[in-house]
Amino acid sequence: MVSIESLRDQFDELGVDPSPEVVNKCIEICTRYDIEDAVEFVETWMAYSVSKLGGAEPTVDNLRDMESHEFANRGRKTAGPATNRVKQREDFGSPRSPPEDGSEAGLVIYSNANLDSVESDVLGSYGCVTPKAQKPVSRLHGSTPDRSKVLFSPASYSPITSKRSQDQDGPNNSGNVVYTFGNGQLLKQVNWSTTDVDRRNPLSIKVPSTFVDDHLEEGAAEAGLGDFMNDECKYMFDSSYERILILGDRIYEGGKRICRRLASLRQEERADLPEKLDKTECDELTAHKNEQDEILEKVGIRHVDHPCTEPVNIMGRIVVHPEKKQDRVAIVDFDELTLRQMKLDFSKMKTWSVFPGETVVMEGVNPRGNVFEVHNIYYEIDLELPKAPMKLGNEVNMVIASGPYTDKDDLLYEKLSDLLTYCKNNCPDVLILTGPFGDISNPLFGTIAETYEEYFEKIIINIMSSVSPNTEVLIVSHHDDLMSMFVFPSFPYTISTSFPNLRFLPDPCIISINGLEIGITTADIIKDLSEAEVSGDPKGDKIKRAFNYMFHHKTFYPLNPPPENLPLDMDLLSTFGKLSRVPNMMICPGDLKCYIRDVHRCVCINPGRLSDQTSGEGTFARVVIKQPESEAALPFNYVVCQVVKS
């Protein structure tokens, strides 16, 4: 028999002071349904209040509603909902129910991992038996997935139901290939099921320091994967003045590379090109002249506001007015002290494209001194193209997926569970997972009954326990993740548990796997560039142009200013976001439709989102890299990639 004192004690531990009428109603309900544990009753009330009433205080009417929902059919059940919930907590590691002596009390914490049995009990209490539809066979796994256990279910105050039971009769497109890249003959030889681990060579995964700073000496010691960007780095300390200096350096350094290429091309076309132009043509550069400025003199760079009727070359940074006006595009001069600006007129060009923040050299005229009429645009530099990885050894198999990893209306991570089942069955050499794991835009993370740090660590532990120890797992951070500092470039994640085959990587980063260089960024730079670009070539390939911009500007994020949702730190980007050379592969997940492109011998991949928040479907990529025949081999002949529906 539940006593008034025990009930008041349990409510008091929850910070609730019930009125005498409420206590009498509680005693009445406990007596009617043979409830002998005050802890069980108060837990049931709190679970009902949080899930149905928004955490309202107990009143007689609220208790009457709870009675009709929770206890009305208790007498006809062999095991009530509370018993099932206690069993769920014990089975899945959530807090256990308090001892019978009432020495410990707490809220009901659902694990959301066995909801089907609870629903069946409710239907059975009404004498209803609903036959379950046969679950579809997943083409991704080759067998019916086991849903009896959900690895990633969070501790929660209320159950989070899965919508898969509603879609069981629908078609299952899991495993369908939606995009393919690679030589046709090579595709026929590839076996995507790579369960034979005995024949594999150990993988050498490195992040050379030369990728981070191209000023380091040749043969500098290679740093560890997390050494080049860690918690000791300061972030969001760059002032407006420092940003201006960084942008000025970007214009000056990038402009010199463009001029160097132009001078080289002109010397090839005109053998009689003088080594230096007349002094009268270079007077405006005197204030900036040093030993490295000679290359600017060779091209004859003028300031952007220089009036002229004969074609001249100007150098600067593109700025775009946010409103779509006819004269919305302008150029800012390379002289950061004066910040001269001039409007641009592209009417004399058939095809053209520019974006905000782009460093360019333009050829044209400015007869009136108020508008520069563009005849040619130069932004390309001499690129260091990648060489085929001759030290690859045996073929390397990779699986690449990008977050979000769960649907927007639950936190069950069913898509991630399916992917891990695929990896367990096929055992890839490398599994690359990019964030976010906990999207800050998902309000359900505010309802879980544990800190997100604890939940994230549980996710990582379950990932590592689900894949083979022969699979190297690389996890790349994302600025929109709850584990992130909300800054780009983003610091690598950290957990208290370590695994020998797990590495956390910052965003962006470049890694080397047996000599295969892979650049990775989770910032949606391709979409941002495509949307910000102002182009007179609507039929061109925007995706290829965006990657071209990245390689020729030698940075993972050349766009400036960035969108409002990207917390860009210019100082960190200038230090850790460099692309000193073109890698063999670029992984740039984003919201655009999945794609694979070959740009300057670099295989550029967007695997899509594992769980698309709009369509409810998702995709991931699987890649096989064969041993190339020579360093000059094209990626088409040694890389095979498919984008697959999750």
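Is Asp238 buried or exposed? In this predicted model, Asp238 turns out to be buried, with 11% of relative accessible area. Its side chain meets that of Arg243 in a salt bridge, with 3.2 Å from N to O. Arg243, for its part, sits at 26% relative accessibility and so counts as partly exposed.

That pair is part of a bigger tally, as the count of salt bridges comes to 19. Another of these joins the side chains of Glu395 and Lys626, at 2.6 Å from N to O. Here the two partners come from distant parts of the chain, 231 residues apart. Glu395 lies in the loop between strand 9 (371-378) and strand 10 (396-402), and Lys626 lies in the loop between strand 20 (619-625) and strand 21 (639-645). Glu395 has a relative accessible area of 17%, which is under the 20% cut-off, so this residue is buried. Lys626 comes in at 18% and is buried by that cut-off too.

A salt bridge also ties Arg503 to Glu472, with 2.7 Å between N and O. Once more the pair links distant parts of the chain: Arg503 belongs to strand 13 (residues 502-505) and Glu472 to strand 12 (residues 472-476), 31 residues apart. Arg503 is partly exposed, at 24% relative accessibility, whereas Glu472 is buried, at 16%. Elsewhere, salt bridges with shared partners pull Lys25, Glu28, Arg32 and Glu67 together into one network.

Now for the sheet. Seven strands make up an open sheet with mixed pairing, in the order 1-21-20-10-11-12-13. Strand 1 (177-181) and strand 13 each have a single partner strand, so they stand at the edges, with one side of each lacking a neighbour in the sheet. On average, and with direction ignored, neighbouring strands are turned by 15° against each other. In general, the strands of a sheet pair through backbone hydrogen bonds, in either a parallel or an antiparallel way. Strand 1 and strand 21 take the antiparallel option, over four bridges. Within this pairing, Thr180 has Gln642 of strand 21 as its bridge partner.

Helices pack on this sheet as well. Helix 11 (residues 414-426) touches strand 10, strand 11 (430-434) and strand 20, and its direction makes about 175° with that of strand 10. Helix 12 (residues 452-466) packs on the sheet through strand 11, strand 12 and strand 13, with its direction at about 135° to that of strand 13. Strand 13 is thus a place where several threads meet: it holds Arg503, stands at an edge of the sheet and is touched by helix 12.

Notes:
Residues are numbered from 1 along each chain as its sequence is written. This is a predicted model: local features need pLDDT of at least 70, side-chain atom pairs count only at pLDDT 80 or more; totals for chains, interfaces and linings use all residues. Side-chain values use heavy atoms; hydrogens and water are left out. A salt bridge is a side-chain nitrogen of Lys or Arg within 4 Å of a carboxyl oxygen of Asp or Glu. Buried means under 20% relative accessible area, exposed over 50%, partly exposed in between (1.4 Å probe, protein chains only). Helices (H or I, at least four residues) and strands (E, at least two) are DSSP runs, numbered from the N terminus. Two strands pair if DSSP finds at least two bridges between them. Axes are lines fitted to C-alpha atoms, for helices over the stretch in contact, and angles run from 0 to 180 degrees between N-to-C directions. Contact means heavy atoms within 4.5 Å.
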